[in-house]
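Let's read a structure together, one feature at a time. Have a look first, then we'll talk.

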Amino acid sequence: MSRQFRIGDHVSWNSEAGRVSGTIVAIHTGDVNFKGYTHHASPDAPQYEIQSDKTDHVAIHKGTALTLIGK
């Protein structure tokens, strides 16, 4: 089981453009369709919806891909 994050947590992750950071705005505990792709999630393995700090880009990632910043 990966680390559990909360809405409002500031996190970072790797992307094609390098390290990106943002704030968790939603937590999905069931499958969610996002940008034409189904992200599989469950209460034990949620997917986190994150708003980028620098752009309006929104991403969804598993907790294993995220690193908590500043706590």
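What follows is a short dialogue on the sheet, one of its strands, a histidine and a pocket.

Q: Before we dig in, what sort of model is this, and how are things counted?
A: It's a predicted model, where local features need pLDDT of at least 70 and side-chain atom pairs count only at pLDDT 80 or more, while totals for chains, interfaces and linings use all residues. Residues are numbered from 1 along each chain as its sequence is written, and side-chain values use heavy atoms, with hydrogens and water left out.

Q: How do I read a sheet, and what is the strand order here?
A: Strands are DSSP runs (E, at least two residues), numbered from the N terminus, and two of them pair if DSSP finds at least two bridges between them. Here five strands make an open sheet in the order β6-β5-β2-β1-β7, with antiparallel pairing. β6 and β7 (67-68) are at the edges with a single partner strand each, so one side of each has no neighbour in the sheet.

Q: Which strands does β5 pair with, and over how many bridges?
A: Six bridges join β5 to the antiparallel β2 (residues 18-28), and five link β5 to β6 (residues 58-62), again antiparallel. β5 and β6 form a hairpin with five residues between them. Glu49 shows the pattern nicely: its bridge partner in β2 is Ala26, and its partner in β6 is Ile60.

Q: Why is β5 called largely enclosed?
A: Buried means under 20% relative accessible area, exposed over 50%, and partly exposed in between (1.4 Å probe, protein chains only). Five of the six residues of β5 (residues 47-52) are buried, so the rest of the structure largely encloses this strand.

Q: Is His28 buried or exposed?
A: Buried, with a relative accessible area of 18%; His28 is in β2. A polar contact is a pair of N or O atoms within 3.5 Å; within protein, one must be able to donate a hydrogen and the other to accept it, and sequence neighbours count only if both atoms are side-chain atoms. The side chains of His28 and Glu49 make one at 2.6 Å. Using contact in the wider sense (heavy atoms within 4.5 Å), and skipping residues up to four places away in sequence, His28 touches Ala41, Pro46, Gln47, Glu49 and Ile60.

Q: And which residues lie nearest the centre of the largest pocket?
A: On a 1 Å grid over the protein atoms alone, a pocket is an open set of points where a 1.4 Å probe fits, with protein on both sides within 12 Å along at least five of seven lines; lining residues have an atom within 4 Å of a point. This one has 20 lining residues, with Trp13, Ser15, Val20, Ser52 and His57 nearest its centre. The elements giving two or more residues to that lining are β1 (10-15), β2 and β6.

Technical notes. Helices (H or I, at least four residues) and strands (E, at least two) are DSSP runs, numbered from the N terminus.
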